[in-house]
Amino acid sequence: MTISADTAPPAQPRPTHFGRLETHLRERRDEGRKLLVPYITAGYPADDWTVLVEGLATAGADAIEIGIPFSDPVMDGPTIQESSTLALDDGITPEGAFARLSDAPEIPVPLVAMTYYNICYRMGHRRFANALNNAGICAAILPDLPLEELEPWSRAADAADVETVLLAAPTAPDERLPRIVEQSRGFVYGVGLVGITGERQELAASATEMARRLKEVTDMPVLVGVGVSNPEQAAEVVQVADGVIVGSAVIRRILDSGSIEAAIDFVAGLRSALDEH
Amino acid sequence: MVDTTPAPGLDDQSMMGDPGPTGRFGKFGGLYVPETLVPACKELEDAFRDAWADPSFRAELDELLRNYAGRPSAITECRNLSKELGLRLLLKREDLNHTGSHKINNVLGQTLLAKRMGKTRIVAETGAGQHGVATATAAAFFGQECVVYMGEVDVRRQALNVYRMRLLGAEVRSAVSGSRTLKDAVNEALREWVATVEDTYYCLGSVMGPHPYPYMVREFHRVLGREAFDQCQAYLGDVPDAVVASVGGGSNAIGIFSGFVDTRSQLIGVEPAGGAAVGRGVAGVVHGSMSYLMQDEAGQVQEAQSVSAGLDYPGVGPEHAHLADIGRARYEAVNDTEVLDAFELLARTEGIIPALECAHALAWIVRAKDELAGQTVLMNLSGRGDKDVAQVQGIRDGDPEALQTVDFGDEVNGSGGNH
């Protein structure tokens with residue numbers, strides 16, 4: 001007897017139409033394009049992070065993941081932790097980040113918020129969903145909110161047309177993956193390795209394996225992130241996956257150079273590698 | 001005799017019963033972990049439930065608790081201090097266990113479970129070092145590889161325990177992120193577990209974290225509550241009027257509360273004023289479960305401040321949040337000045353040097369002596385104070401570094417919780 005096998009509440013019915021993120025990513029994928037989603041930390045660098053968002057869109061991002069810093073980011077490695085700490089020390093708050101995005105010029109690609117559940121819970125589910133809408137963010141990733149705890153957030157998110165992207169990890173047994181893709185909106189985020197965010201010398205074999213397992217159970221876009229560190233690794237992942245998410249490698253270029261230009265150039269390089277694929 | 005059955009009711013009728021497969025204590029608890037860890041938490045729950053229902057596992061653990069940890073621990077009546085305070089004070093002597101605190105109960109249970117699950121590598125977090133020392137001890141006993149994360153600040157103020165862990169063969173890693181205390185040691189241990197989950201067992205040190213930890217750790221500490229209940233029956237012919245324990249994450253308090261929750265005894269948890277998660281916290285999610293949490297308006301977790309590294313934690317176990325919510329237990333906060341006075345008081349009057357953690361419980365008893373006048377009070381003396389002697393000496397001698405560990409400006413919050 002496996003008493004703990006299934007404690008997730010019944011699946012929310014899928015909305016009858018795709019949301020903005022999923023529509024956008026499906027269209028681009030179906031044109032034969034490999035998808036690129038870079039990650040940035042809201043509030044880092046303090047003065048020009050919204051300029052960075054614009055720059056990444058121009059450099060060929062298909063969507064942009066915006067991390068809302070949290071004090072205790074257990075899924076993140078040292079690079080993203082450092083950018084989060086710097087942003088928090090500079091006084092970034094979720095409300096402040098949303099206000100800056102509202103004031104910025106409209107970004108031509110969808111924005112996806114990535115933060116930890118306590119930020120959302122503290123603000124309140126409906127208020128958080130509405131705040132994302134008002135900031136022009138159409139989707140959310142909450143890495144410490146697995147299927148088991150997804151409600152009531154997913155109910156509030158669906159009601160507000162905010163797409164909740166779920167993660168699928170290499171440790172998941174096969175029978176869990178269909179339930180994850182059923183509940184995921186926008187795309188499904190395949191975790192590329194057993195571990196936290198950060199650059200790796202080699203692409204883990206689990207990255208393409210994760211993509212293959214997800215492609216078997218869904219036709220929604222399958223993107224792989226965590227441990228995808230350079231153009232070569234990105235090109236390798238998209239031999240199976242529909243696209244990649246790249247975070248620490250982008251942030252490190254800003255930490256190293258003190259300027260956003262190096263990150264924009266790096267993302268342009270990723271774009272070229274994916275297009276040559 | 002070592003007996004871990006609930007007292008006096010049946011488990012499923014107890015107010016501290018099985019939280020079920022969702023791991024909920026009322027609205028608190030749950031499983032808020034990265035997707036990578038979900039299968040491991042489920043595997044752990046299955047393994048724990050299977051082991052806990054297996055008489056041979058219980059017998060092996062009972063034998064270890066008796067012959068390795070030295071259970072049962074005594075109950076001591078404080079003859080001098082009782083007179084001074086005008087009440088009858090009994091101490092449950094968890095300081096007499098092997099490794100010097102209650103932590104060994106949980107650690108023997110978990111490392112025995114790890115062995116049963118075929119895991120050969122143990123990861124743990126520690127604050128003051130008591131859980132780290134206990135884990136390193138059990139890992140040495142079972143021949144398991146052991147890595148302990150400890151906040152950099154705590155590594156400095158608990159140097160003796162760092163050496164103990166190394167002596168026991170454990171690798172101690174400094175957590176250098178955030179506030180560099182227990183909260184950050186938990187973050188680092190969780191990150192390590194995310195990366196090594198396939199061969200590593202995470203031996204969490206308190207009744208916190210994702211399901212099944214709050215439930216499992218409580219069950220492993222139930223032995224101390226059950227013993228105390230039986231000892232009170234034999235010694236008093238009754239239950240005490242009040243049961244008092246310090247609360248950081250809350251494991252020693254959960255252990256002793258579990259023995260009296262279904263009786264008439266009043267239950268009081270005592271938090272540090274600078275880390276009063278129940279007293280001043282707001283519901284939130286960190287480290288895998290929903291509970292009361294010290295956090296700012298935006299949901300950023302705040303840093304706890306306490307003279308006691310072991311209580312320097314901004315959250316609290318979810319079952320404490322639930323016991324507070326339903327009004328079954330009451331939570332009070334004491335400041336560092338009161339704690340230092342209580343530390344010296346017990347040494348002087350009873351010849352027992354308490355850990356700074358449990359000096360919190362005594363500090364509240366001293367403050368509440370009028371309210372408690374004439375009552376029988378059972379306090380959990382969860383650990384011995386040898387590890388804290390150098391720090392307290394430094395504070396009393398005016399050593400600047402030792403003084404940095406004390407917040408003399410704390411407002412005394414005598415009104416209990418705000419829930």
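Helix H9 (residues 213-236) of chain B is largely enclosed by the rest of the structure in this predicted model, since 18 of its 24 residues are buried. From its first C-alpha to its last, H9(B) reaches 34 Å, close to the 34 Å expected at 1.5 Å a residue. Along the way, H9(B) bends by about 40 degrees, and the bend is found at His221(B). Just after the helix comes Gly237(B), which takes a positive phi of about 70 degrees.

Attention turns next to chain A and to one of its strands. Strand S9 (residues 243-246) of chain A is covered on both faces. On one side Gly243(A) and Ile245(A) are buried, and on the other side so are Val244(A) and Val246(A). S9(A) has strand S1 (35-41) of chain A as a parallel partner, with 4 bridges joining the two. Here Leu35(A) stands opposite Gly243(A). S9(A) also pairs in the parallel sense with strand S8 (residues 222-225) of chain A, over 2 bridges. In that pairing, Leu223(A) has Gly243(A) as its bridge partner. Gly243(A) thus appears in both pairings, opposite Leu35(A) and as the partner of Leu223(A). The connection from S8(A) to S9(A) passes through helix H10 (residues 231-237) of chain A, and this β-α-β crossover is right-handed.

The loop between S1(A) and helix H2 (49-58) of chain A holds Asp48(A). With 14 other C-beta atoms within 10 Å, Asp48(A) is partly exposed; a residue needs 20 or more such neighbours to be buried. Asp48(A) is separated from Asn118(A) by 70 residues in sequence and, C-alpha to C-alpha, by 26 Å in space.

The two chains also meet each other. Their contact takes 35 residues from chain A and 34 residues from chain B. On the side of chain B that touches chain A, helix H1 (38-52), helix H8 (182-196) and strand S11 (282-286) each supply at least two residues. The largest share of that side comes from H1(B), with 7 residues. Sorted by class, the side of chain B that touches chain A has 16 nonpolar residues, together with 10 polar and 8 charged ones.

Note on methods: Residues are numbered from 1 along each chain as its sequence is written. Chains are lettered from A and ligands numbered from 1 in the order in which they are written. This is a predicted model: local features need pLDDT of at least 70, side-chain atom pairs count only at pLDDT 80 or more; totals for chains, interfaces and linings use all residues. Two residues are in contact if their C-beta atoms, placed from the backbone, lie within 7 Å. Ala, Val, Leu, Ile, Met, Phe, Trp, Tyr, Cys and Pro count as nonpolar, Asp, Glu, Lys and Arg as charged, and the others, Gly among them, as polar. A residue is buried if 20 or more other C-beta atoms lie within 10 Å of its own, exposed if 12 or fewer, and partly exposed in between; C-beta atoms are placed from the backbone. Two strands pair if DSSP finds at least two bridges between them. A crossover is right-handed if, with the strands pointing away from the viewer, the path from the first strand over the helix to the second runs clockwise. The expected span of a helix is 1.5 Å times one less than its number of residues. The bend at a residue is the angle between axes fitted to the seven residues ending there and the seven starting there.
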